[in-house]
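Open the model in your viewer and keep the selection tool at hand. The stops below go one selection at a time.

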Amino acid sequence: MTPNLFTRIGPISINNPTILASGILGISINVFNRIYESGAGAVVTKSISVLPSDGYDGPNMFSIGDQGWLNAIGLSNPGVDNFSKILKQNKKIPIVVSLVGSNEHDFVNMIQKLRNMQILAYEINLSCPHVEKVGLDVGDDPDLVYRIIKNIDSITEVPIIAKVGLGSTNYLDTVRAACDGGADAITAINTLRAMSIDIETMRPILGNKIGGLSGKPIKTIAVRCVYEISSKYDIPIIGCGGISSWQDAIEFILAGASAVQIGSIINYKWLKIFSDINDGIIKYMSKKKIYSIGEMVGISKRF
């Protein structure tokens, strides 16, 4: 019997557990098509807001070494009206649309404008660490999270994924609020609030001063969060944070994730990373005589 990479994330089904994380590549159907053809099971768009945003002045991204990145791009995006025109071009790609806003009305407005389009799921960004009044500012308010998810759930049949991060409140309270509001899955985690200073110029390196840390340095934190969420709540999880190899992907799955998002490592290994991780997972499953992703999800909780 040959192992199968097909996986289910609640009501969402994809051919393999590797997904492009939000914010890594530009918003283009041609680019998304290349990513999908390179082996990704699905792609997540950059976070879309009601109005267009140019983001922050540069520098807005730099490497900190050891496959780590610090960025403060500022959620640059074309806005929902322009993005809806782009999305209409989609014919075959499993696209998860990431949405960001400051209140429940922002999200309802955007979803109404995206009706009747080919969308696999919505990922609600409750965790961007460096843009005021959205992201973590929203995610740190469980009551607001509940209202946002509840309102979205009341107007769409498209599955809802809540993306959580580590802010000033207990992130598990945010997960609980999302679950109570009707979320179908959780993505954990987003980048971590961080900064770096150039000791020669004595200035913060990022144009926004504070940014988000991603890549290998946050992997063990993200694995811990997936394990904790999966131990406390009965909701499917997409693991995200520092995944750079098939071994990392399997670690997240064993912790409780049904799929994983690939982000910063693309800056080092480009799109080949998707097929590399999928090939490694298949070989691991064959060696362990495991035939489905579902058999592996959360095994580490047995010990």
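Which residue takes a positive phi in the hairpin of β5 and β6? Select Asp-66: its phi is near 50 degrees. The hairpin has two residues between its strands. Keep in mind throughout that this is a predicted model.

**Stop 1: the hairpin strands**

Select residues 61–65, strand β5, together with β6. The two run antiparallel and are joined by four bridges. Now pick out facing residues. Met-61 lies opposite Asn-71 of β6. Phe-62 lies opposite Leu-70 of β6.

**Stop 2: both faces of β6**

Select residues 68–71, strand β6. In a regular strand, side chains alternate between the two faces of the sheet. Are the faces of β6 covered or open? Both are covered. Gly-68 and Leu-70 are buried on one side, and Trp-69 and Asn-71 are buried on the other.

**Stop 3: across to β14**

Add residues 211–215, strand β14. Four bridges tie β14 to β6, and this pair runs antiparallel. Look for Asn-71 again: in β14 it has Gly-212 opposite. Asn-71 also stands opposite Met-61, so you can follow a line from β5 through β6 to β14.

**Stop 4: the whole sheet**

Now show all four strands of this open sheet, in the order β5-β6-β14-β11. The pairing is antiparallel. Which strands stand at the edges? They are β5 and β11 (192–194). Each has a single partner strand, so one side of each is left without a neighbour in the sheet. Neighbouring strands are turned against each other by 35 degrees on average, direction ignored.

**Stop 5: two helices**

Select residues 104–113, helix α3, and residues 142–155, helix α5. Their axes are 9 Å apart and meet at an angle of about 25 degrees. That makes α3 roughly parallel to α5. The crossing of α3 past α5 is right-handed. Show the side chains at the contact next. From α3, choose Glu-104, Phe-107, Val-108, Ile-111 and Gln-112. From α5, choose Leu-144, Arg-147, Ile-148, Asn-151, Ile-152 and Ile-155.

**Stop 6: a glycine in a loop**

Select Gly-26, in the loop between β3 (18–20) and α1 (29–37). Is Gly-26 buried or partly exposed? Gly-26 is partly exposed, because its relative accessible area is 40%. Beyond its neighbours within four places in sequence, Gly-26 is in contact with Phe-32 and Lys-46. Then draw a distance from Gly-26 to Asn-77, C-alpha to C-alpha. The value is 8.8 Å, although the two are 51 residues apart in sequence.

**Stop 7: the cysteines**

How many disulfides does a search of the whole structure find? Zero. Select Cys-179 to see why: its closest cysteine sulfur, in Cys-225, is 14 Å away, too far for a bond. Next, select Cys-240. Cys-240 is in no disulfide either, and the nearest cysteine sulfur, that of Cys-225, is 11 Å away. Compare the surroundings of Cys-179 and Cys-240. Cys-179 counts as partly exposed at 23% relative accessibility, whereas Cys-240 is buried at 9%.

Notes. Residues are numbered from 1 along each chain as its sequence is written. This is a predicted model: local features need pLDDT of at least 70, side-chain atom pairs count only at pLDDT 80 or more; totals for chains, interfaces and linings use all residues. Side-chain values use heavy atoms; hydrogens and water are left out. Buried means under 20% relative accessible area, exposed over 50%, partly exposed in between (1.4 Å probe, protein chains only). Two strands pair if DSSP finds at least two bridges between them. A disulfide is a pair of cysteine sulfur atoms within 2.5 Å. Axes are lines fitted to C-alpha atoms, for helices over the stretch in contact, and angles run from 0 to 180 degrees between N-to-C directions. Angles under 35 degrees count as roughly parallel, over 145 as roughly antiparallel, 65 to 115 as roughly perpendicular and the rest as oblique. A crossing is left-handed if the near helix is turned anticlockwise from the far one by less than a right angle, and right-handed if clockwise. Contact means heavy atoms within 4.5 Å.
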